[in-house]
Amino acid sequence: MLPIDPHADLGRRAWIPCPRCRDERGCADCGSGRNCRDHWRYLLSNTGSVLHVQCPRCAYLWDHESHFGAGGRPASLD
């Protein structure tokens, strides 16, 4: 198991499923899209819409494409 990244900050979190341990399965909050107090990930950094995250439970590191901001601004309605 990898150690937790030394730059991990408890104040920077992401609520996305871990592709390795899938610890959020069966959680009512996670299943309904709410931010759960137990199943968060360390948000280490981001590059554009790609999040660099680590699971505090299994220490897995991965990149997650959030699609946040993808597609640019909507066309004007003039």
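**Figure 1. An overview of the predicted model.** Of the 78 residues in the protein, 27% are buried. This is a predicted model, so please keep that in mind for each of the views below. The fold contains one helix and four strands, and reading from the N terminus the elements follow the order β-α-β-β-β. About 5700 Å² of the protein surface is accessible, and carbon and sulfur atoms hold 52% of that area. Among contacts with a separation of 6 or more, 47% join residues 24 or more positions apart.

**Figure 2. The open sheet and its strand order.** Here we look at the four strands, which form an open sheet in the order S1-S2-S3-S4 with antiparallel pairing. S1 and S4 are the edge strands, each pairing on one side only. Which strands pair over five bridges? They are S2 and S3, and they run in the antiparallel sense. Zooming in on this pair, Asn-46 is found opposite Leu-51 of S3.

**Figure 3. Gln-54, a buried polar residue in strand S3.** Gln-54 belongs to strand S3, which covers residues 50-54. Is Gln-54 buried or exposed? With a relative accessibility of 0%, Gln-54 counts as buried. Its side chain has polar partners on the backbone: a polar atom of the Gln-54 side chain lies 2.8 Å from the backbone nitrogen of Asp-5, and the side chain also reaches the backbone oxygen of Ala-59 at 2.9 Å. Beyond its neighbours within four places in sequence, Gln-54 is in contact with Pro-3, Ile-4, Asp-5, Arg-41, Tyr-42, Leu-44, Ala-59, Tyr-60, Leu-61 and Trp-62.

**Figure 4. Cysteine sulfurs without a disulfide.** How many disulfides does the model have? The count comes to zero, and two cysteines shown here let you follow the reasoning. For Cys-21, the closest cysteine sulfur is that of Cys-55; the two are 3.7 Å apart, which is too far for a bond because a disulfide requires sulfur atoms within 2.5 Å. The sulfur of Cys-58 has its closest cysteine sulfur in Cys-18, again at 3.7 Å and too far for a bond. As for their surroundings, Cys-21 is partly exposed at 23% relative accessibility, whereas Cys-58 is buried at 12%.

**Figure 5. A network of salt bridges.** Side chains of opposite charge can pair when their charged atoms come close. The structure holds five salt bridges, and a network of them links Arg-22, Asp-23, Glu-24, Arg-41 and Arg-57. Within this group, the closest N and O atoms of Arg-22 and Glu-24 are 3.3 Å apart. Arg-22 is partly exposed, with 34% relative accessibility, while Glu-24 is buried at 11%. Another bridge joins the side chains of Asp-23 and Arg-57, with an N to O distance of 3.6 Å. Asp-23 sits in the loop between strand S1 (13-14) and H1, and Arg-57 in the loop between S3 and strand S4 (61-65), so this pair ties together parts that are 34 residues apart in sequence. The two partners differ in setting: Asp-23 is buried, with a relative accessible area of 13%, whereas Arg-57 is exposed at 54%.

**Figure 6. The salt bridge between Arg-34 and Asp-29.** In this view the side chains of Arg-34 and Asp-29 meet in a salt bridge, with N and O at 2.7 Å. How accessible is Arg-34? Its relative accessible area is 48%, so Arg-34 counts as partly exposed. Asp-29 is partly exposed too, with a relative accessible area of 29%.

**Figure 7. Asn-35 in a loop.** Our last close-up turns to Asn-35. Where does Asn-35 lie? Asn-35 is part of the loop that runs between helix H1 (28-31) and strand S2 (41-47). With a relative accessible area of 56%, Asn-35 is exposed, because a value over 50% counts as exposed. Looking across to Ala-14, we find a C-alpha to C-alpha distance of 8.9 Å from Asn-35, although the two are 21 residues apart in sequence.

Note on methods
Residues are numbered from 1 along each chain as its sequence is written. This is a predicted model: local features need pLDDT of at least 70, side-chain atom pairs count only at pLDDT 80 or more; totals for chains, interfaces and linings use all residues. Side-chain values use heavy atoms; hydrogens and water are left out. Helices (H or I, at least four residues) and strands (E, at least two) are DSSP runs, numbered from the N terminus. Buried means under 20% relative accessible area, exposed over 50%, partly exposed in between (1.4 Å probe, protein chains only). Contact means heavy atoms within 4.5 Å. Accessible areas come from the Shrake-Rupley method with a 1.4 Å probe; for residues, only the protein chains shown count as cover. A polar contact is a pair of N or O atoms within 3.5 Å; within protein, one must be able to donate a hydrogen and the other to accept it, and residues adjacent in sequence count only if both atoms are side-chain atoms. A salt bridge is a side-chain nitrogen of Lys or Arg within 4 Å of a carboxyl oxygen of Asp or Glu. Two strands pair if DSSP finds at least two bridges between them.
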